[in-house]
Every structure is written in structure tokens, then in C-alpha cells.
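Take a moment to look at the structure below, and turn it around a few times if you can. We will begin with one small spot and then work outwards to the whole chain.

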Amino acid sequence: QVRPVESGGGSVQAGESMRLSCLVSDFTFQRLSLGWFRQPPGKEREFVATISQGGGTTSYGDSVKGRFTISRDNDKTTVYLQMNNMKPEDTAVYYCATKSGWTSSNPARYETWGQGTQVTVSS
């Protein structure tokens, strides 16, 4: 399987916004649920957001609710993560992942992972 490819990471100031993209070169894209996860320095990987095959169902980790938005473009086989009002605690490597079937916040249920993109938020 081809790995997803994340882009859009970098450095921002607290309160600013950033959008991550993840290109999934998979002809079954429309049948995949997609997720974003992150791994802060020295910590375990944590759930950020997930979106269903059609995009009608989304869910978020408690620390990002109301600030982050996940979306997908099935024509472009791309999933996005819009991050607003960013905080220093959002600093992490962000990963895109895919799974067949329904959405999940459990990283162990995801089948393919991108290489990650670094996001740094300074105060």
C-alpha cells in the first residue's frame, strides 16, 4: 500500500492558524475512514480527529474540539486538518492515517500511516 503523504507543517505563533493536508494515493479512498493523530515530544501518540467515508461524521479529541476541523475531498483523495487558535501544547508531529470501515479514535485500528509532519507553536 502507498503511504499517505502529509504536508503543511511548520512553525506558528500561539493564536495563529495552520492547515495540514494529506494526499492518499489509493483508488479505494472513498471507502476509507481517515484520521489525524499527533505525538508531542516525549509523549505517546494521541487522537486528534477522524472523518467517515462520506465526510458526514467527524469526531475530535477533547483538547482540540472547537479549534480544529477535519475535512476531506474525495475527488482529490486528500484529507485536511484546519487548526485555529493554536496553542504551544499543539506542538507535535502530526500523522495522517487510513482505515477501512467505520471511524475510530484508536490508532491501533488504522492500517496505513504517513511519515508525519512537524508542527511547532511558540508562545
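Gly 55 counts as partly exposed because its relative accessibility is 28%, and the partly exposed class lies between under 20% for buried and over 50% for exposed. Keep in mind that you are looking at a predicted model. To find Gly 55, go to the loop that runs between strand S5 (46-51) and strand S6 (58-60). Now look for Ser 71, which is 16 residues away from Gly 55 along the chain. In space, the C-alpha atoms of Gly 55 and Ser 71 are separated by 6.8 Å.

From that loop, let us step back to the strands. How many helices and strands does the chain have? There are 11 strands and zero helices. If you read along the sequence, you meet β-β-β-β-β-β-β-β-β-β-β as the pattern.

Two of these strands deserve a second look. Strand S3 and strand S9 are joined through their cysteines, and this is how it is done. The count of disulfides in the model comes to one, and its partners are Cys 22 and Cys 96, with 2.2 Å from S to S. The link ties together distant parts of the chain: Cys 22 belongs to strand S3 (residues 18-23) and Cys 96 to strand S9 (residues 92-100), 74 residues apart. Are these two cysteines buried or exposed? Both Cys 22 and Cys 96 are buried. The link also has a handedness: the angle about the S-S bond is -80 degrees, and the link is left-handed.

Now zoom out to the chain as a whole. Its C-alpha trace spans about 40 × 25 × 25 Å along the principal axes. A compact globule of 123 residues would have a radius of gyration near 14 Å, so the 13 Å of this chain agrees with that expectation. Contacts tell you about the fold too: among those with a separation of 6 or more, 58% are between residues 24 or more positions apart.

Finally, consider what is inside and what is outside. Of the 123 residues, 46% count as buried. The chain exposes about 6100 Å², and carbon and sulfur atoms supply 46% of that area. As for charge, you can count 13 positive and 11 negative side chains, and the centres of these two sets lie 3 Å apart.

Technical notes. Residues numbered from 1 in each chain as written. Predicted model: local features only at pLDDT ≥ 70, side-chain atom pairs only at ≥ 80, totals over all residues. Heavy atoms only, no water. Helix = DSSP H or I, 4+ residues; strand = E, 2+ residues; numbered from the N terminus. Rg over C-alpha atoms; globule rule 2.2 N^0.38 Å. Buried < 20%, exposed > 50% of the residue type's maximum accessible area, 1.4 Å probe, protein only. Contact = heavy atoms within 4.5 Å. Areas by Shrake-Rupley, 256 points an atom, 1.4 Å probe, with all protein chains shown as cover. Lys, Arg positive; Asp, Glu negative; His and termini not counted. Charge placed at Lys NZ, Arg CZ, Asp CG, Glu CD. Disulfide = S-S within 2.5 Å.
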